[in-house]
Amino acid sequence: MAADTPGAAGSRRPRTVACPQCGATVEWRPENRFRPFCSERCRLIDLGAWATEDYRVPEHVKPMDESGE
C-alpha cells in the first residue's frame, strides 16, 4: 500500500520521504517548513554546499568545429 493511500481506518497517511542531507524520514506536509529536509540545520547545510559550489549543474559544451566556430 502506498503511503498516501487511505489506510484501513479510511484516514490518509502523509507521504514520507528521506531527508536529502541525513536520510531521516520526513513527512511531506505543508506544516513541515523545511521539507524535503528534516530540519533547518539540514536545509542550511545543503544551501551552504550550493553556495560553496560543492554541487554543480553540469555544463554541456558543444565541441567546436575545425574553423573554430
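**Notebook: salt bridges and a surface patch**

I began in helix α1, where Arg43 and Glu40 both lie, three residues apart, about one turn of the helix. I noted at once that this is a predicted model.

**Entry 1: the pair in α1.** I looked up the contact between the two side chains. Arg43 forms a salt bridge with Glu40, and the closest N and O atoms are 3.6 Å apart. I then checked accessibility. Arg43 counts as partly exposed because its relative accessibility is 31%. Glu40 is partly exposed too, with a relative accessible area of 39%.

**Entry 2: the overall layout.** I stepped back to the fold. I found one helix and two strands. Along the sequence they follow the pattern β-β-α. The protein has 69 residues, and 13% of them count as buried. I also looked at contacts with a separation of 6 or more. Residues 24 or more positions apart account for 5% of these. The exposed area is about 6,000 Å², and carbon and sulfur atoms supply 52% of it.

**Entry 3: other salt bridges.** How many salt bridges does the structure hold? I found four. One of them joins the side chains of Arg29 and Glu31, at 3.4 Å from N to O. I checked both partners. Arg29 is partly exposed, since its relative accessibility is 35%. Glu31 reaches 56% relative accessibility, so I logged Glu31 as exposed. I then looked for further links here. Glu27, Arg29 and Glu31 are linked in a network of salt bridges.

**Entry 4: Arg56.** Which residue does Arg56 form a salt bridge with? I traced the partner to Glu53, with the closest N and O atoms 3.8 Å apart. Arg56 itself counts as exposed, because its relative accessibility is 64%.

**Entry 5: the nonpolar patch.** I turned to the surface. Trp50, Tyr55 and Val57 make a nonpolar patch of about 330 Å². I placed Val57 in the segment after α1, the helix that spans 40-51. Is Val57 buried or exposed? Val57 is exposed: the relative accessibility is 66%, and the cut-off for exposed is over 50%.

**Entry 6: what I keep.** For α1, I keep the salt bridge of Arg43 with Glu40. For the network, I keep Glu27, Arg29 and Glu31. For the surface, I keep the patch of Trp50, Tyr55 and Val57.

Terms used. Residues are numbered from 1 along each chain as its sequence is written. This is a predicted model: local features need pLDDT of at least 70, side-chain atom pairs count only at pLDDT 80 or more; totals for chains, interfaces and linings use all residues. Side-chain values use heavy atoms; hydrogens and water are left out. Patches are made of residues with over 30% relative accessible area and no salt bridge: like charges are joined within 9 Å, nonpolar side chains (Val, Leu, Ile, Met, Phe, Trp, Tyr) within 5 Å. Accessible areas come from the Shrake-Rupley method with a 1.4 Å probe; for residues, only the protein chains shown count as cover. Helices (H or I, at least four residues) and strands (E, at least two) are DSSP runs, numbered from the N terminus. Buried means under 20% relative accessible area, exposed over 50%, partly exposed in between (1.4 Å probe, protein chains only). Contact means heavy atoms within 4.5 Å.
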